[in-house]
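Reader: I've got a new model open and I'd like to learn how to read it. Can you walk me through it?

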Amino acid sequence: MMRYCIVCLLLVIVSFGQVNAQENRNGFRLDTIYKSGAKRQVVKTPVSVPLKSSVSRKVGKWTLSGSCGMSFGDYTSIDVSPQIGYRWNEFFSAGGGVSYNYHHSSNRYDMNYLGINVFGRVNPVRYIALQIQPELKGSWGKSYGKKIDFRYVPTILVGGGGVIPTGTGSISVMFYYDVIQNEYSPYGKNWVCSVGYSFNL
């Protein structure tokens, strides 16, 4: 008798597990609802309950990003450029920020650049980004011993590079070229490499 009860109990548990697994397929659960009326009827209705395997972390559309770099020696360079942006979808984002650049070369120049910028970025395919970034900088310092008064320097950086997603944002390696080529531009006629990190807010 005891064996018979144990066997029946195991059959009930297994059956319940099979029904529960069937009801939870595709990330939905079937809940029991009783219809009102003279005769009680059981109706199974789908209720959206994501399963653990289908739950994805919500990623904020606001991003905090930027880049910084420095080098010392006969030629000293310090660059700090924080930015905040908004990502409309997986293909397009835009925003703006501020930047500070300091460039020093022994017996040649000692220049400061402080400015604001806006940017637009397109991701045509995953891991690849194209960006345009107009900037307006104010510069001052010394060049070959001569004092340089404050003046405005417009630049437009155009370029692209790679973006590697991480758990909290992404790491980017971008290459830019200043298409305006103002004679006082801190970028000159060289391609500029920038390594930055973006945080999802």
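Author: Let's begin with the surface. This is a predicted model, and the protein chain has an accessible surface of about 13900 Å². Carbon and sulfur atoms account for 64% of that area.

Reader: And what percentage of the 201 residues is buried?

Author: Buried here means under 20% relative accessible area. By that cut-off, 28% of the 201 residues in the protein chain are buried.

Reader: OK, on to the fold. How many helices and strands does the chain have?

Author: One helix and 10 strands. Going along the sequence, the helix comes before the strands, in the pattern α-β-β-β-β-β-β-β-β-β-β.

Reader: Which strands close into a barrel, and in what order?

Author: Eight of them do, in the order β3-β4-β5-β6-β7-β8-β9-β10, with antiparallel pairing. From one strand to the next, the twist averages 25°.

Reader: How would I look at one pair of strands in detail?

Author: Try β6 and β7. Strand β6 covers residues 109–122 and strand β7 covers residues 128–143, and 12 bridges join them in the antiparallel sense. For a single example, find Tyr109: its bridge partner in β7 is Ser143.

Reader: What about contacts between residues far apart in sequence?

Author: Take the contacts in the protein chain with a separation of 6 or more: 42% of them are between residues 24 or more positions apart.

Reader: Back to the surface, then. Which residues form a nonpolar patch there?

Author: The patch consists of Trp88, Phe91, Phe92, Val122, Val125, Tyr127, Ile128 and Leu130, and together they have about 750 Å² of accessible area. One of them, Tyr127, sits in the loop between β6 and β7.

Reader: Why is Tyr127 called partly exposed?

Author: Partly exposed is the range between buried, under 20%, and exposed, over 50%. Tyr127 gets that label because its relative accessible area is 43%.

Reader: Let me try another loop residue. Where does Asn190 lie?

Author: Asn190 is in the loop between β9 (169–178) and β10 (192–200). Its relative accessible area is 53%, so Asn190 counts as exposed.

Reader: Which residues is Asn190 in contact with, leaving aside its neighbours within four places in sequence?

Author: Tyr176 and Tyr177. Along the chain, Asn190 and Tyr176 are 14 residues apart, and their C-alpha atoms are separated by 8.8 Å.

Note on methods:
Residues are numbered from 1 along each chain as its sequence is written. This is a predicted model: local features need pLDDT of at least 70, side-chain atom pairs count only at pLDDT 80 or more; totals for chains, interfaces and linings use all residues. Side-chain values use heavy atoms; hydrogens and water are left out. Two strands pair if DSSP finds at least two bridges between them. Helices (H or I, at least four residues) and strands (E, at least two) are DSSP runs, numbered from the N terminus. Axes are lines fitted to C-alpha atoms, for helices over the stretch in contact, and angles run from 0 to 180 degrees between N-to-C directions. Patches are made of residues with over 30% relative accessible area and no salt bridge: like charges are joined within 9 Å, nonpolar side chains (Val, Leu, Ile, Met, Phe, Trp, Tyr) within 5 Å. Accessible areas come from the Shrake-Rupley method with a 1.4 Å probe; for residues, only the protein chains shown count as cover. A salt bridge is a side-chain nitrogen of Lys or Arg within 4 Å of a carboxyl oxygen of Asp or Glu. Buried means under 20% relative accessible area, exposed over 50%, partly exposed in between (1.4 Å probe, protein chains only). Contact means heavy atoms within 4.5 Å.
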